[in-house]
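Trainee: I would like to learn how to read a structural model feature by feature, with the general idea stated before each case. Could we go through one together?

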Amino acid sequence: MTNEDKYDYWLDIAQYDFESADAMCSTGRWLYVIFMCQQSIEKLVKGLYTLYIGDNVPPIHDINSIFSKFKNKLTVPVDETVIDFFSWLTSFYLNTRYPKFKAKLSAAVSKQDAETTLKKAKEVFAWLLTLKPSTESSDNISTT
């Protein structure tokens, strides 16, 4: 499987997670809207990592930590609001081992929070898609 194939895999599951975020929004599960946005962005960033760095994607959920490993290889500037959004989303990663934390976090998320996050995540997702190097240029990206 090539890194391009691996990117396509990450993209496919990232898109599925966005569909899940939309479904959660239509049912009023606000925390899960944000969580699925986090999952979607994380997976797309991991897909980009495979193209820029290689297939040894770190098994972590901190979007900024993953993104920072290839950020310097990008040919476009990265707006600080995107970095801030990555940090904010990462704070909504749910570890199922802590149900009391999940209940507390869920109570703090409003419909507006969820809808605003979903809208911003869709914008960031679209921007991330533009970062995919062309197949020709991705063959020349250093894996060191």
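Mentor: Let us start with exposure, where a residue is called buried under 20% relative accessible area, exposed over 50%, and partly exposed in between. Please keep in mind throughout that this is a predicted model.

Trainee: With those cut-offs, is Y16 buried or exposed?

Mentor: Y16 counts as exposed, because its relative accessibility is 54% and the label exposed applies over 50%. This residue is found in helix α1, and its C-alpha atom is separated by 9.9 Å from that of Q39, a residue 23 positions away along the chain.

Trainee: How many helices and strands does the protein have?

Mentor: The secondary structure comes to seven helices and zero strands, so that the pattern read along the sequence is α-α-α-α-α-α-α. Of the 144 residues of the protein, 44% count as buried, and the protein exposes about 8,000 Å², of which carbon and sulfur atoms supply 53%.

Trainee: What share of the contacts links residues 24 or more positions apart?

Mentor: When contacts with a separation of 6 or more are considered, residues 24 or more positions apart account for 68% of them. A single residue can illustrate contacts between separate parts of the sequence: N3, which is placed in helix α1, touches T50, L51, G54 and D55 when residues up to four places away in sequence are not counted. N3 and L48 are 45 residues apart in sequence, and their C-alpha atoms are 9.4 Å apart in space.

Trainee: Is N3 then buried, exposed or partly exposed?

Mentor: N3 is partly exposed, because its relative accessible area of 27% falls between the two cut-offs of 20% and 50%.

Trainee: Let us turn to charged pairs. What has to be true before I may call one a salt bridge?

Mentor: The general idea is that a side-chain nitrogen of Lys or Arg must lie within 4 Å of a carboxyl oxygen of Asp or Glu. By this rule the count comes to six salt bridges, among them the one in which the side chains of D22 and K122 meet, at 3.0 Å from N to O. That pair links distant parts of the chain, with D22 in helix α1 and K122 in helix α6 (residues 111–130), 100 residues apart. D22 is partly exposed, with a relative accessible area of 34%, and K122 is likewise partly exposed, at 39%.

Trainee: Where do K46 and E42 sit with respect to one another?

Mentor: Their side chains meet in a salt bridge of 2.8 Å, N to O. Because K46 and E42 are four residues apart in helix α2 (residues 30–52), they are separated by about one helical turn. Both K46 and E42 are buried.

Trainee: Which residue forms a salt bridge with E115?

Mentor: The partner is K111, and the two side chains meet at 4.0 Å, N to O. E115 and K111 both lie in helix α6, four residues apart, or about one turn of the helix. E115 is partly exposed, with a relative accessible area of 38%, and K111 also counts as partly exposed, at 46% relative accessibility.

Trainee: Which distance in space separates G28 from K111?

Mentor: The C-alpha atoms of G28 and K111 are separated by 7.3 Å, although the two residues are 83 positions apart along the chain. G28 is placed in the loop between α1 and α2, and it counts as partly exposed at 31% relative accessibility.

Trainee: Finally, which residues gather in a patch of negative charge on the surface?

Mentor: When you look for such a patch, you consider charged residues that have over 30% relative accessible area and no salt bridge. Here D5, D8, D12 and E19 gather in a patch of negative charge on the surface. One of these residues, D12, has its place in helix α1 (residues 3–27).

Key. Residues are numbered from 1 along each chain as its sequence is written. This is a predicted model: local features need pLDDT of at least 70, side-chain atom pairs count only at pLDDT 80 or more; totals for chains, interfaces and linings use all residues. Side-chain values use heavy atoms; hydrogens and water are left out. Patches are made of residues with over 30% relative accessible area and no salt bridge: like charges are joined within 9 Å, nonpolar side chains (Val, Leu, Ile, Met, Phe, Trp, Tyr) within 5 Å. Accessible areas come from the Shrake-Rupley method with a 1.4 Å probe; for residues, only the protein chains shown count as cover. Lys and Arg count as positive and Asp and Glu as negative; His and the chain ends are not counted. The place of a charge is taken as NZ of Lys, CZ of Arg, CG of Asp or CD of Glu. Helices (H or I, at least four residues) and strands (E, at least two) are DSSP runs, numbered from the N terminus. Buried means under 20% relative accessible area, exposed over 50%, partly exposed in between (1.4 Å probe, protein chains only). Contact means heavy atoms within 4.5 Å.
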